[in-house]
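Open the model in your viewer and keep the sequence panel in sight. The stops below say what to select and what is there.

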Amino acid sequence: MKRTSEKVFDFSELLGRIIIKYGTRKAFAKAMGMKENVLGSRLQGKTNWTPEETLRACELLDIPLNEIPRFFYALKFHFSEQ
């Protein structure tokens, strides 16, 4: 069997910052001007953050631009047997 890894982004630090600053994902989604289900899709890695959304989120969450990789591009790996 061949072992493969799938790269998946880990948004746990971003979610933590959202909860600290806004209390709920719903409140943050409203501040972002997006529906809560769209935010959920982004945080689950099902759809990608646009550059504009990333910059807006950084503004709202007081994330310095040099920390974008930490919040938006942290990797977690899933291994599967093939």
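Start by selecting Cys58 in this predicted model. Is Cys58 buried or exposed? Its relative accessibility is 3%, and a residue under 20% is classed as buried, so Cys58 counts as buried. Cys58 belongs to helix H4. Now show what surrounds this side chain. With residues up to four places away in sequence left out, Cys58 touches Ile63, Leu65, Ile68 and Phe72. Pick the C-alpha atoms of Cys58 and Ile68: they lie 7.7 Å apart in space, while the two residues are 10 apart in sequence.

Stay on helix H4, residues 51-61, and select Glu53, which is also found there. Glu53 has a relative accessibility of 15% and therefore counts as buried. Which residues does Glu53 contact beyond its neighbours within four places in sequence? They are Met32, Met34, Arg42 and Asn48. Add Gly33 to the selection: from C-alpha to C-alpha, Gly33 and Glu53 are 9.6 Å apart, with their positions 20 residues apart in sequence.

Move next to Asp62, in the loop that runs between H4 and helix H5 (68-72). The phi of Asp62 is near 55°, which is positive although the residue is not a glycine. For background, most residues other than glycine have a negative phi.

Zoom out to the whole chain. How many helices and strands does the chain have? There are five helices and two strands, and along the sequence they follow the pattern β-α-α-α-α-α-β. Of the 82 residues, 30% are buried. Among contacts with a separation of 6 or more, 64% join residues that are 24 or more positions apart.

Select helix H1 (residues 12-22) together with helix H2 (residues 25-32). Their axes come within 8 Å and cross at roughly 90°. Angles of 65 to 115 degrees count as roughly perpendicular, so H1 and H2 are roughly perpendicular to each other. On the H1 side, the contact is made by Leu15, Ile18, Ile19 and Tyr22; on the H2 side, by Arg25, Ala27, Phe28 and Ala31. Coloured by class, this contact shows seven nonpolar residues, one charged residue and no polar ones.

Keep H2 and swap H1 for H3. The axes of H2 and H3 come within 9 Å and cross at roughly 105°, and this pair is therefore roughly perpendicular as well. H2 contributes Arg25, Lys26, Phe28 and Ala29 to the contact, and H3 contributes Glu36, Leu39, Gly40 and Leu43. Here the classes are four nonpolar, one polar and three charged residues.

Hide H2 and look along H3, residues 36-43. Which residues of H3 are buried? Select Leu39, Gly40, Ser41, Arg42 and Leu43. Bring the other helices back to see what lies over them: the cover of these buried residues includes H1, H2 and H4. Just after H3 comes Gly45, where phi takes a positive value of about 75°.

The last stop is empty space. Rolling a probe the size of a water molecule over the atoms shows where such space is left. Switch to a surface view and look for the largest pocket, which has a volume of about 160 Å³. The pocket is lined by 12 residues, and those closest to its centre are Phe9, Phe11, Asn48, Trp49 and Phe72. Two of these names have come up before: Asn48 as a contact of Glu53, and Phe72 as a contact of Cys58. Which element supplies the largest share of the lining? Strand S1, residues 3-9, does so with three residues. Colour the lining by class to finish: six residues are nonpolar, five are polar and one is charged.

Terms used:
Residues numbered from 1 in each chain as written. Predicted model: local features only at pLDDT ≥ 70, side-chain atom pairs only at ≥ 80, totals over all residues. Heavy atoms only, no water. Axes fitted to C-alpha atoms, helices over the stretch in contact; angles between N-to-C directions. Helix = DSSP H or I, 4+ residues; strand = E, 2+ residues; numbered from the N terminus. Parallel < 35°, antiparallel > 145°, perpendicular 65-115°, else oblique. Contact = heavy atoms within 4.5 Å. Nonpolar A, V, L, I, M, F, W, Y, C, P; charged D, E, K, R; others polar. Buried < 20%, exposed > 50% of the residue type's maximum accessible area, 1.4 Å probe, protein only. 1 Å grid on protein atoms, 1.4 Å probe; cavity = no way out; pocket = protein on both sides within 12 Å on 5 of 7 lines; lining within 4 Å. Points joined across faces, edges and corners; volume = space filled by probe spheres on them.
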